[in-house]
Every structure is written in structure tokens, then in C-alpha cells.
Amino acid sequence: METKIATWNVNSIRVRLPHVLKWVAEAKPHILLLQEIKCEDHTFPREAFEDLGYNIALAGQKTYNGVAILSREPLEDILIGLPNNDEDTQARYIEAVCGKFRVASVYVPNGMEVGSDKYAYKLAFFRHLNAHLEQRLKWGESFIVAGDYNVAPYEIDGYNPVAFRQERILCSQKEREALRQILYSGYTDALRALHPLQEHLYTWWDYRAGSWQANQGFRIDHLLLTPQAADLLIQSEVDVLPRSAEKASDHAPVWAVFS
DNA sequence: ATGGCTGAGATCCTCAGA
């Protein structure tokens, strides 16, 4: 049986609930990984997803951040937060086993401005994340780490090559190196693996300055796969239609299908 | 160099996003 796994930074699940339910009804993912739910666990709209047959694991937080795993298969072995990062109180990582796959929903810090404290926090988060993912590689599982990485790994992944040369956030050398270290360690970027040369393949468009209308986006949401998961990869796409809706999230859902 | 949009939550604005 094929398994469809999707990731979506929804920028508030309570505001976006109608959009997400509509997309889920059409796309029918077996596993949906959410970021920026921006609510505590007790205010997450559980029933709406349970009615559709999803099991739910949450790492919520008031106002900011928050990640979730929704799965048609029962959720087992749930891990909240990176194990080597106990002092970090921001809800940015959740992992669980769903059937034959281990999955994680990750929301890497934005970093705000290169050189700022938040940028240092972003790079520190990557150090913890990368250490954990290298450890997981040794388990030899089909593991999919998906979410908003807030990094465009190569120039082709942004509409504006100047942004890369100017060391802007999402594009700076250090954050790109941090993301690419995950790839070099053995993970496969699902979408790029299947569309190696495709331009204008974006997952996020700024709300401001008519970026969506001008298709001025960046590819910053990724599904990263262990070799065991990559061997099962059949298809991966961005669904850009939800980005065009009224009151849309600034991110589009990205998905992959596995055999 | 700046500003531009959106959401949350507390006040009529600030913080944060990216």
C-alpha cells in the first residue's frame, strides 16, 4: 500500500482550519505534519481531525511555534523536543512512529536577521537537530523528517539570486551549510530528488509586496529522507493552490508518496 | 535602506514571522 506524507506550515491552525480540512479532503494524506499551529494542546481542533480518522500527537505552545503529527495509523514512540536540547522551551520538534514509517515534524527558527541573537539560535538549533538526525541514521529505519527548515539550500530554490549573495536570511552561507550537512550525512531531499532542475519550485511566498502574485517565493519546506525511506519514494510535489486562497497561510503544503 | 502583510494577545500597539 502506498503512503502519502505531507508537511504544511499553517501559520495558526485555528485560523486555517477550513483551509486545512478542505485540502485534507482532497489530498487525503495518510500522515500530515504541521508547523506553526500557534496554540496550546487543549485549544487544538482535535475533533475536526479525529472525525476524519486521524490520530494526533501535539507539541503545542501559546502564541508561537507548535508542531503536530496527524496520522491514520496509530502513533507510537512519541518524542517531543530534541533529546539533547532539554533547555530549549520552544515547541519545534515532534517525532513518532506511524505504521512502517518514523516521521518528524520540525519547525526550524526563522533567524530574523543574519548576525542577530535569533540567527545564532537558529544555527544552534541546527546543531542539535543534525546531531539527532545523524544518530537516527544509524537505526536504519524509513524515517521522514519534514517541515519548515527556513532555509533555501541552493540558488535555484529562491526567486532572487541576489538574496544569496547578500547573505539574507533563508539564504546565508551558514544556514545553507547547516541544512546541507543533513543532506551530506545521508538524507535525501524528496522534492528536489524528483525534480532536480525545476525552477520556480517554491513553498513559501511573503505576504507582503505582492510576492504570491509575482511568484516571488523560496523553497524552504522540505521532506528529508533516510536511505531506507528514499528507496520507497515514488512522487513528490508542492500543492500551490491553497496559497491562492483568501486568508491563506504564507506556506503551501508539500507532499511525497512512498511505496 | 525601507517597507510591505499576517496572527496572537494584550490594548488601540508590540512581537514575531521570513
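Hi everyone, let me start right at the DNA: an N or O atom in the side chain of Arg16 sits 3.2 Å from a phosphate oxygen of DNA strand B. Please keep in mind that this is a predicted model.

Arg16 has company. His251 also points a side-chain N or O atom at the backbone of the strand, with 3.3 Å to a phosphate oxygen of DNA strand B. Asn110 goes for a base instead: one of its polar side-chain atoms is 3.0 Å from a base nitrogen of DNA strand B.

Now let's step back to the whole surface around the strand. There are 26 residues around DNA strand B, and the nearest are Ser12, Glu36, Tyr107, Asn110 and Arg208. On the DNA side, 65% of the atoms of strand B that come within 4 Å of the protein belong to sugar and phosphate. By class, this surface is made of eleven charged, nine nonpolar and six polar residues. Helix H1, residues 13-27, gives the largest share, with three residues.

Which residues does UniProt list for "active site"? The entry, an unreviewed one, names Tyr107, Asp148 and His251. They are spread over 145 residues of sequence, yet they cluster in space, with a largest C-alpha distance of 12.5 Å. Tyr107, Asp148 and His251 are also included in the lining of the largest pocket.

Let's take two of them in turn. Asp148 is in strand E8, which covers residues 143-148. Why does Asp148 count as buried? Because its relative accessibility is 1%, and the cut-off for buried is under 20%. Setting aside neighbours within four places in sequence, Asp148 has contacts that include Tyr107 and His251, as well as Asn9 and Asp221.

His251 is in a loop, the one between strands E13 (233-238) and E14 (254-258). His251 has a relative accessibility of 4%, so it counts as buried too. Beyond its neighbours within four places in sequence, His251 contacts Asp148, and also Trp8, Asn9, Asp221 and Arg243, among others.

Before I finish, a word on two backbone angles. Asn150 is not a glycine, but its phi is positive, at about 55 degrees. Asn150 lies in the loop between E8 and helix H4 (161-165), and at 5% relative accessibility it is buried. Lys247 is not a glycine either, and its phi is positive at about 55 degrees. Lys247 belongs to the loop between E13 and E14. Is Lys247 buried or exposed? Exposed, with a relative accessible area of 61%.

Thanks for listening!

How values were computed: Residues numbered from 1 in each chain as written. Chains lettered and ligands numbered in written order. Predicted model: local features only at pLDDT ≥ 70, side-chain atom pairs only at ≥ 80, totals over all residues. Heavy atoms only, no water. UniProt positions renumbered as here; feature names shortened; annotations may be inferred. 1 Å grid on protein atoms, 1.4 Å probe; cavity = no way out; pocket = protein on both sides within 12 Å on 5 of 7 lines; lining within 4 Å. Helix = DSSP H or I, 4+ residues; strand = E, 2+ residues; numbered from the N terminus. Buried < 20%, exposed > 50% of the residue type's maximum accessible area, 1.4 Å probe, protein only. Contact = heavy atoms within 4.5 Å. Near = heavy atom within 4 Å. Polar contact = N/O pair within 3.5 Å; in protein donor to acceptor, adjacent residues only side chain to side chain. Nonpolar A, V, L, I, M, F, W, Y, C, P; charged D, E, K, R; others polar.
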